[in-house]
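Colleague: Could you take one part of this model and walk me through it slowly, in words that a first-year student can follow?

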Amino acid sequence: MDKKLLEILVCPSTKVPVRLLSKDKLAILNNVIVSADVRREDGSRVDGPLSAALITEDGRTIYVIDDEIPIMLEELAIAANQVAGW
């Protein structure tokens with residue numbers, strides 16, 4: 001992902017800056033997605049593992065990166081509290 005873009009991206013609702021989700025945390029998230037019912041803010045289920053994601057600096061909200069494009073829509077965000085131990 002382009003570093004300049006990453007520097008200016010913020011959560012659309014809280015304006016908290018975002019960063020790339022580490023590979024370790026992405027693996028944990030994907031394990032939870034496969035084994036549990038992870039939901040987006042709009043209530044829809046996350047269907048499968050993610051290839052990349054952003055997380056807010058406060059660790060509360062996850063945004064999917066799809067084909068190197070961050071999907072920064074509030075209704076498609078994933079609440080990080082669905083992943084135990086973060």
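Modeller: Two strands are said to pair if DSSP finds at least two bridges between them, and with that in mind we can look closely at strand 3 of this predicted model. Strand 3 covers residues 61-66, and five of its six residues are buried, so the strand is largely enclosed by the rest of the structure. Buried here means under 20% relative accessible area.

Let us take the partners of strand 3 in turn, beginning with strand 2, which spans residues 53-56 and runs antiparallel to strand 3, with three bridges joining the two. Within this pairing, Ile-55 has Ile-62 of strand 3 as its bridge partner. The hairpin made by strand 2 and strand 3 has four residues between the strands, and in this hairpin Gly-59 takes a positive phi near 75 degrees.

Strand 4 is joined to strand 3 by two bridges, and these strands also run antiparallel. Here Ile-65 is matched with Pro-70 of strand 4 as its bridge partner. In the hairpin of strand 3 and strand 4, there are two residues between the strands, and Asp-67 takes a positive phi near 50 degrees.

Strand 5 pairs with strand 3 in the antiparallel sense as well, over two bridges. Ile-62, which we met as the bridge partner of Ile-55, stands opposite Ile-78 in strand 5.

The loops around these strands are worth following a little further. Between strand 4 (69-70) and strand 5 (78-79) runs a loop that holds Glu-74, a residue that counts as partly exposed because its relative accessibility is 42%. Glu-74 belongs to a negative surface patch, which is formed together with Glu-41, Asp-42 and Glu-75.

On the other side of our tour, the loop between strand 2 and strand 3 brings in a contact with strand 1. The side chains of Arg-19 and Glu-57 meet in a salt bridge, with a distance of 3.7 Å from N to O. Because Arg-19 lies in strand 1 and Glu-57 in the loop between strand 2 and strand 3, the pair ties together parts that are 38 residues apart in sequence. Arg-19 is partly exposed, at 32% relative accessibility, and Glu-57 is likewise partly exposed, with a relative accessible area of 43%.

Technical notes:
Residues numbered from 1 in each chain as written. Predicted model: local features only at pLDDT ≥ 70, side-chain atom pairs only at ≥ 80, totals over all residues. Heavy atoms only, no water. Patch = residues over 30% accessible without salt bridge, like charges linked within 9 Å, V, L, I, M, F, W, Y side chains within 5 Å. Areas by Shrake-Rupley, 256 points an atom, 1.4 Å probe, with all protein chains shown as cover. Salt bridge = Lys/Arg side-chain N within 4 Å of Asp/Glu carboxyl O. Lys, Arg positive; Asp, Glu negative; His and termini not counted. Charge placed at Lys NZ, Arg CZ, Asp CG, Glu CD. Buried < 20%, exposed > 50% of the residue type's maximum accessible area, 1.4 Å probe, protein only.
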